[in-house]
Amino acid sequence: MNPPVWHPGQAHLLDTAGRFNVPCMGRRFGKTALGTWLLAKPALEGLPTAWFAPTYKTLEEVWSRVERTLAPVTRKRDTQQKRLELLTGGVLDFWTLDAPDPARGRAYARAILDESAMVPKLRSLWEQAIRPTLTDYRGDAWLLSTPKPRAMHDGAAFFRELWERGQEDGWEWRSWRMPRSTNPHLAPEEIEAARR
């Protein structure tokens with residue numbers, strides 16, 4: 001699987017990534033394309049990876065996209081458990097974060113958390129469920145999200161805390177703000193019309 005041709009904003013994220021990455025991206029930035037490639041790449045190299053989404057509905061679209069894309073190299077597919085086992089030995093698990101303790105007992109080389117700021121119990125899920133899955137492989141994580149300035153739950157506050165950590169740490173933690181205008185494939189006049 002060859003990497004796509006990334007636009008400059010996506011390329012910047014990949015070039016400057018740390019171990020734990022917290023990009024806050026405007027809508028239509030290309031978050032899902034970037035995230036699914038980040039998920040698939042280590043699996044194609046024989047490693048286990050996981051995608052975590054706030055709800056089943058947000059998970060289903062990504063599952064369908066990845067399942068179709070990796071069909072030629074999939075050895076076993078479990079649609080009930082949302083798990084793909086690849087010919088390379090890599091595994092991709094897909095979890096929703098509306099369950100209290102996802103991925104207990106699993107080990108991953110990479111975890112992708114989609115729409116992190118929308119997850120009400122992000123702090124406890126990260127600290128008690130997801131972060132421990134990265135220990136065996138010294139894995140990395142991408143906590144992807146669009147901005148949620150009005151969200152008042154713990155998850156939005158913890159996402160902001162992790163984003164600020166990425167601004168201060170600069171080594172293990174990295175964070176960025178990437179507005180939708182960073183995507184050169186979007187017409188500037190359409191962005192301006194949406195802003196108005």
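A polar contact is a pair of N or O atoms within 3.5 Å, where, within protein, one atom must be able to donate a hydrogen and the other to accept it, and where residues adjacent in sequence count only if both atoms are side-chain atoms. The model is predicted, so that local features need pLDDT of at least 70 and side-chain atom pairs count only at pLDDT 80 or more, while totals for chains, interfaces and linings use all residues. Residues are numbered from 1 along each chain as its sequence is written, and side-chain values use heavy atoms, with hydrogens and water left out.

**Exercise 1.** Determine which backbone nitrogen the side chain of Asp78 reaches, and describe the surroundings of Asp78.

*Solution.* Begin with the element: Asp78 belongs to strand 3, residues 74-78, strands being DSSP runs of E with at least two residues and helices runs of H or I with at least four, both numbered from the N terminus. Next, take the polar contact, in which the side chain of Asp78 reaches the backbone nitrogen of Gln81 at 2.9 Å. Then set aside the neighbours within four places in sequence, which leaves Asp78 in contact (heavy atoms within 4.5 Å) with Trp63 and Arg83. Finally, consider exposure: Asp78 counts as partly exposed because its relative accessibility is 28%, given that buried means under 20% relative accessible area, exposed over 50%, and partly exposed in between, with a 1.4 Å probe and protein chains only.

**Exercise 2.** Work out which strands pair with strand 5, and in which sense.

*Solution.* Two strands pair if DSSP finds at least two bridges between them. Strand 2 (residues 48-53) meets this condition with six bridges to strand 5, in the parallel sense, and within that pairing Phe52 has Trp95 as its bridge partner. Strand 4 (residues 83-86) is joined to strand 5 by three bridges and runs antiparallel to it, with Leu84 standing opposite Leu92. Four residues lie between strand 4 and strand 5 in their hairpin, where Gly89 takes a positive phi near 95 degrees. As for cover, five of the six residues of strand 5 (residues 91-96) are buried.

**Exercise 3.** Place these strands in the chain as a whole by finding how many helices and strands there are and in what order they run.

*Solution.* The count gives six helices and eight strands, and from the N terminus their order is α-β-α-β-α-β-β-β-β-α-β-α-β-α. Of the 196 residues of the chain, 47% count as buried. Among contacts with a separation of 6 or more, 71% are accounted for by residues 24 or more positions apart.
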